[in-house]
Amino acid sequence: MDHVGGLLIDLDGTLYHGGRMIQGADLLVAALRTAGIPFMFVTNNSSRTPASVAAHLCAMGIEAEAQEVCTSSLAAARYIAGESPGATVAILGEEGLIQACREAGLRLVSEAPEYVVQGIDRSFTYDSLAKASRWVREGAKFVLTNPDLMLPSDDGVMPGAGSLGAAIEAASGIPPVVIGKPEAHLIAYATSLMGIDPGEAVVVGDNMRTDISAGARAGCRTILVLTGLTTRDNLEDYQRLTGVEPDEICADLAELMVTLGV
């Protein structure tokens, strides 16, 4: 693949499964550094700060720094700050989202917000749902970090940010602005951080419904790696479902390195 201005690399399912590194992930990142190919780790995960994401990668043996991580929380906070600098926000989320909003200069409030911004929130309650839906009905803009309905965990699959967002949408009657994959906002923000145009970027991921769809919507080239959710067996089904096709398909990260020429 020629003229790669930068790689936007998905994490879970692409470089690791939970706490286990996918074979070759450390070698891929090291080779990109040696070759001088810019990259960012781009994740829908809204709960972690960039520093904690980088620490998680390093603990598995994948060299990473906080400034190389772009999360849906960062993109959501910057989206709001770009639209309404210094806006008041009510947060339904965890540390990654709270820190991102503070760093973006947004004002955190507990009543009458201009924005309701929601990510994964494992302390979500009926009271949270009632307040958030009321604020949205009263005119607060609803921003959802990512639409993932399910979240993998050590205890199996758990409800994700998208499931909580669906409850708020149902109770308010108003859909959110979705920032994370498969929408284009997260990818567009990551390319802006790298200082490249979307057409110069290549999105690498394992999920046709999120990674590859988001890359296509943002105007990036895409590489699907068959290391996670999408497999040879379900690829055609996902292509029909999404209406997109990756520019390249790699069986594993070793083949990805060959495709990239690193």
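This passage walks through an annotated cluster of aspartates, the salt bridges around it, one helix and a surface patch in a predicted model.

Start with the annotated residues. The UniProt record, an unreviewed entry, gives the annotation "binding site" to Asp10, Asp12 and Asp206. These residues are spread over 197 residues of sequence, yet they cluster in space, with a largest C-alpha distance of 8.5 Å. From the unreviewed UniProt entry also comes the annotation "active site", which covers Asp10 and Asp12.

Asp10 and Asp12 both sit in the loop between strand 1 and strand 2. Their exposure is another matter. Asp10 has a relative accessible area of 8%, and it counts as buried because the cut-off for that class is under 20%. Asp12, with a relative accessible area of 34%, is partly exposed. The side chain of Asp12 reaches the backbone nitrogen of Gly18, at 3.4 Å. As for Asp10, leaving out residues up to four places away in sequence, what it touches is Leu15, Val42, Lys181, Val204, Gly205, Asp206 and Asp211. That list includes Asp206, another of the residues under the "binding site" annotation.

Asp206 comes from further along the chain, in the loop between strand 13 and helix 8. Its relative accessibility is 4%, so Asp206 counts as buried. Once neighbours within four places in sequence are set aside, the contacts of Asp206 include Asp10 and Asp12, along with Gly13 and Thr14. Asp206 is also in contact with Asp211, and with a run of later residues, among them Leu224, Val225, Thr227 and Gly228. Asn207 lies in that loop between strand 13 and helix 8 too. Asn207 is buried at 14% relative accessibility, and beyond the residues up to four places away it touches Ile212, Leu224, Leu229 and Thr230. Leu224, Leu229 and Thr230 also turn up among the contacts of Asp206.

Now for the charges. Side chains of opposite charge can pair when their charged atoms come close. A search of the whole structure turns up 11 salt bridges. One of them joins the side chains of Asp10 and Lys181, at 3.0 Å from N to O. Asp10 belongs to the loop between strand 1 and strand 2, and Lys181 to the loop between strand 12 (177–178) and helix 7, so this pair ties together parts that are 171 residues apart in sequence. Lys181 is buried, its relative accessible area being 4%.

Lys181 has a second acidic partner: its side chain meets that of Asp211 in a salt bridge of 2.8 Å, N to O. This pair again links distant parts of the chain, with Asp211 in helix 8 and Lys181 in the loop between strand 12 and helix 7, 30 residues apart. Asp211 is buried too, with a relative accessible area of 2%. Put together, Asp10, Lys181 and Asp211 are linked in a network of salt bridges.

Elsewhere, Arg33 and Glu68 bring their side chains together in a salt bridge of 2.7 Å, N to O. Arg33 is in helix 1 (residues 25–35) and Glu68 in the loop between helix 2 (50–59) and strand 5, so the pair ties together parts 35 residues apart in sequence. The two partners fall in separate exposure classes: Arg33 is partly exposed at 26% relative accessibility, whereas Glu68 is buried at 13%.

Next comes helix 7, which spans residues 185–194. Its buried residues are Leu186, Ile187, Tyr189, Ala190, Thr191 and Met194. The cover over these buried residues includes strand 1 (6–9), strand 4 (39–43) and strand 5 (69–71). Helix 3 (72–83), strand 13 (201–205) and helix 8 (208–218) also contribute to that cover. Gly195 follows helix 7 and has a positive phi, near 75 degrees.

Last, the surface. Leu149, Met150 and Val157 form a nonpolar patch there, with about 300 Å² of accessible area together. Of these, Met150 is placed in strand 10 (residues 150–153), and at 48% relative accessibility it counts as partly exposed.

Notes. Residues are numbered from 1 along each chain as its sequence is written. This is a predicted model: local features need pLDDT of at least 70, side-chain atom pairs count only at pLDDT 80 or more; totals for chains, interfaces and linings use all residues. Side-chain values use heavy atoms; hydrogens and water are left out. Buried means under 20% relative accessible area, exposed over 50%, partly exposed in between (1.4 Å probe, protein chains only). Helices (H or I, at least four residues) and strands (E, at least two) are DSSP runs, numbered from the N terminus. Contact means heavy atoms within 4.5 Å. UniProt positions are given in the numbering used here, feature names are shortened, and annotations may be inferred rather than shown by experiment. A polar contact is a pair of N or O atoms within 3.5 Å; within protein, one must be able to donate a hydrogen and the other to accept it, and residues adjacent in sequence count only if both atoms are side-chain atoms. Patches are made of residues with over 30% relative accessible area and no salt bridge: like charges are joined within 9 Å, nonpolar side chains (Val, Leu, Ile, Met, Phe, Trp, Tyr) within 5 Å. Accessible areas come from the Shrake-Rupley method with a 1.4 Å probe; for residues, only the protein chains shown count as cover. A salt bridge is a side-chain nitrogen of Lys or Arg within 4 Å of a carboxyl oxygen of Asp or Glu.
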